[in-house]
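User: I've got a chain open on my screen and I'd like to talk it through. Can you take some questions?

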Amino acid sequence: MSKALVAFFSSSGETKEVAEWIVEATGNDCYEIKPAEPYTEADLNYTEPDCRATAEMNDPDCRPALAGKADVSAYDTVLLGFPIWFYAAPRVVNSFIEQTDLAGKKIIPFATSGMGGLKEAVDKLKAQYPALDFEDGKCFENTAPEGEIKEWANTL
């Protein structure tokens, strides 16, 4: 793989663990996408119709503020990780994409999910950002073993 950055958003720690295993397997650099206002348990309580995560996902124009900005200028590839929310990438991922110069970068998505696959989420990102180069990626179940994740990472 060319020089790559593993950039990820994790709300519960599962995507962070996957990202860390990818970094261990590949030796790539890592960047955590963090919202300026961290998510609380109440924000992520999908059983409540007015929780923050649901409100954000119901608003296609929502772009949560980020806690920092990534410099990807030294990288050819960005492995972009996130949990699947409502069959899509969380809106904070849109914030990252729109505030980061990803032109000319290969973007390899990876996701964690208990029930939704990656294809629909990536198709939505491709439709929103047609100028970007999204490659095939991988969705891992929340219980995926470390070995499976590292094996995939070593194929990149």
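Analyst: Sure, what follows is a run of questions and answers on this predicted model.

User: What pattern do the helices and strands follow along the sequence?

Analyst: The secondary structure comes to 5 helices and 6 strands. Read along the sequence, they give the pattern β-α-β-α-β-α-β-α-β-β-α.

User: How does the chain's radius of gyration sit against the globule rule, and what is its value?

Analyst: For 156 residues the globule rule gives 15 Å, and the chain comes out close to that, so it is as compact as a globular protein of that length. Along the principal axes, the C-alpha atoms fill a box of roughly 40 × 35 × 25 Å. The radius of gyration itself is 15 Å.

User: Among contacts between residues at least 6 apart in sequence, what share joins residues at least 24 apart?

Analyst: Two residues are in contact here when heavy atoms come within 4.5 Å. Taking contacts between residues at least 6 apart, the share joining residues at least 24 apart is 79%.

User: What percentage of the residues is buried, and how much of the exposed area comes from carbon and sulfur?

Analyst: Buried residues make up 47% of the 156 in the chain. As for the surface, the chain exposes about 7,800 Å², and the carbon and sulfur share of that is 47%.

User: How far apart are the centres of the positive and negative side chains?

Analyst: The chain has 14 positive and 27 negative side chains. The centres of those two sets lie apart by 5 Å.

User: How many disulfides does a search of the whole structure find?

Analyst: A disulfide calls for two cysteine sulfur atoms within 2.5 Å. For C62, the nearest cysteine sulfur is that of C51, 12 Å away. For C139, the nearest is that of C30, 18 Å away. Neither C62 nor C139 is in a disulfide, and the count for the whole structure is 0.

User: Are C62 and C139 buried or partly exposed?

Analyst: Buried means under 20% relative accessible area. C62 has 16% relative accessibility, so it counts as buried. C139 has 24%, so that one counts as partly exposed.

User: How many of the 9 residues of helix α3 are buried?

Analyst: Helix α3 covers residues 91-99 and is largely enclosed by the rest of the structure. Its buried residues are R91, V92, V93, N94, S95, F96 and I97. They pack against β1, β2, α2, β3, α4 and β5. The number buried is 7.

User: Which residues does V93 touch, leaving out those up to four places away in sequence?

Analyst: V93 sits in helix α3 and is buried, with a relative accessible area of 0%. Its C-alpha is 9.6 Å from that of L66, 27 residues apart along the chain. With residues up to four places away set aside, V93 touches F9, L80 and F82.

User: And K138, which residues is it in contact with beyond four places in sequence?

Analyst: K138 is found in strand β6, residues 138-141. With a relative accessible area of 29%, K138 is partly exposed. Its C-alpha and that of C62, 76 residues apart along the chain, are separated by 25 Å. Beyond four places in sequence, the contacts of K138 are P109, F110, A111, L118, E148 and W152.

Notes. Residues numbered from 1 in each chain as written. Predicted model: local features only at pLDDT ≥ 70, side-chain atom pairs only at ≥ 80, totals over all residues. Heavy atoms only, no water. Helix = DSSP H or I, 4+ residues; strand = E, 2+ residues; numbered from the N terminus. Rg over C-alpha atoms; globule rule 2.2 N^0.38 Å. Buried < 20%, exposed > 50% of the residue type's maximum accessible area, 1.4 Å probe, protein only. Areas by Shrake-Rupley, 256 points an atom, 1.4 Å probe, with all protein chains shown as cover. Lys, Arg positive; Asp, Glu negative; His and termini not counted. Charge placed at Lys NZ, Arg CZ, Asp CG, Glu CD.
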